[in-house]
Amino acid sequence: MAREAIVIAAVESYLALRRLAGFTLSNTEYLLRSFARFARDREESFVRTTTALAWASQGPSLAQRHTRYETVRRFAVHAQLDEPQHESPPAHYFGYRTTRRPPRLYTPTEIDRLLAAATRLPPPDSFRPPTYVTLISLLAATGLRISEALALQVSDLSGDGFVIRKTKFQKTRLVPLHATAITGLEQYLRHPQRRPSIGSWIFVTERGDRLAYREVHTVFRRLVSMAQLRVDCGRRPTLHGLRHTFAVRVLEATPTGRSHVGQSMRALATYLGHVSIVSTYWYLEATPELLTDVATASERFVSGGQP
């Protein structure tokens, strides 16, 4: 093997190993192969920090430069275990920090208005209204990702709830359902206008085809207009907002006391299918009561008291 091909071989080994662990890595693959070609053109056999910086700096924005650099850095840490001649670039070189805006939440009245609008979808007396009423109700009641809801098959539904199979982050989990949710889904599945789908999908069109995200997104925008939902602090109503709303309402219903909050956080992270509880803690920003409690405890700790 030519010496300049060592980085390329290490990249392919790294990608294969992580895919065995269940990661898809489509963007990671593109970036690392680009970096490997860059290193090869510089006739370098091992990862060099200066080369990683030079390649990452080609990104047109700070966020992209950060992503390129951190992708190579994580790869280099792995490659160094087998070959110490690879350098391990320092973390967070570009100083980029991701920020997430507080979510746009729905009030119970707004959800009712969305559902009422769904019952008026044209054409009249078609299978469309019950499909969107059931879909929006399920998203609001469970916090499922829209991709997870559209991927559900009849065989995923049981008396305990839904089995969500290897979706984002390759996780499989059980989502418990309230008895009323199960009843609503069973009524939808027995609807006289429902046509059997080829793949036994739960949410289907009037033709029996699997309901596509693009169509759902278009219809949801129409429902937002029909329900006269407004932009809130620059944040537009979105499908994903139903998931945000579910998570925040769960935290607001948490019994008082930080020990209960911590337990609820761990349970909610599992329920939502988060790969890291950090993603779940973000919802504290939209839960003022709990956030105030955390801030008070932190201030007490810093001042020398008990948390």
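User: The axes of H2 and H4 come within 10 Å and cross at roughly 80°. What makes H2 roughly perpendicular to H4?

Analyst: Happy to explain! The axes are lines fitted to C-alpha atoms, for helices over the stretch in contact, with angles from 0 to 180 degrees between N-to-C directions. Under 35 degrees counts as roughly parallel, over 145 as roughly antiparallel, 65 to 115 as roughly perpendicular and the rest as oblique. The H2–H4 angle of roughly 80° falls in the 65 to 115 range, so the pair is roughly perpendicular. Please keep in mind that this is a predicted model, where local features need pLDDT of at least 70, side-chain atom pairs count only at pLDDT 80 or more, and totals for chains, interfaces and linings use all residues. Residues are numbered from 1 along each chain as its sequence is written, and side-chain values use heavy atoms, leaving out hydrogens and water.

User: How do you know that H2 and H4 meet, and which residues are involved?

Analyst: A contact means heavy atoms within 4.5 Å. By that test Asn27, Thr28, Leu31, Leu32 and Phe35 in H2 meet Thr67, Arg68, Thr71, Val72 and Phe75 in H4. These residues divide into five nonpolar, four polar and one charged (Ala, Val, Leu, Ile, Met, Phe, Trp, Tyr, Cys and Pro are nonpolar; Asp, Glu, Lys and Arg charged; the others, Gly among them, polar).

User: Why are H1 and H4 called roughly perpendicular?

Analyst: H1 (residues 6-20) and H4 (residues 62-82) pack at about 95°, their axes 10 Å apart. That angle puts them in the roughly perpendicular class, therefore the name. On the H1 side, Val7, Ala10, Val11, Tyr14 and Leu17 meet Arg74, Phe75 and His78 of H4. This contact is made up of six nonpolar residues, one polar and one charged.

User: What makes helix H3 mostly covered?

Analyst: Six of the eight residues of H3 (49-56) are buried, which means under 20% relative accessible area, with over 50% called exposed and anything in between partly exposed (1.4 Å probe, protein chains only). The buried ones are Thr49, Thr51, Ala52, Leu53, Trp55 and Ala56. They pack against H2 (26-41) and H4.

User: How do you know that glutamate 44 and arginine 42 form a salt bridge?

Analyst: A salt bridge needs a side-chain nitrogen of Lys or Arg within 4 Å of a carboxyl oxygen of Asp or Glu. Here the N to O distance is 3.7 Å, so the pair qualifies.

User: What is the burial class of each of these two partners?

Analyst: Glutamate 44, at 16%, is buried. Arginine 42, at 38%, counts as partly exposed.

User: What about aspartate 209 and arginine 207?

Analyst: Their side chains meet in a salt bridge at 3.0 Å, N to O. Aspartate 209 has a relative accessible area of 35% and is partly exposed, while arginine 207 reaches 59% and counts as exposed. Elsewhere, salt bridges with shared partners join Glu12, Arg19, Glu29 and Arg33 into one network.

User: Which salt bridge involves glutamate 148, and are its partners buried or exposed?

Analyst: Glutamate 148 pairs with arginine 145, the closest N and O atoms being 2.5 Å apart. Both glutamate 148 and arginine 145 are buried. The structure holds twelve salt bridges.

User: And how many helices and strands does the chain have?

Analyst: There are 13 helices and two strands (DSSP runs, numbered from the N terminus: helices are H or I, at least four residues; strands are E, at least two). Of the 307 residues, 42% count as buried.
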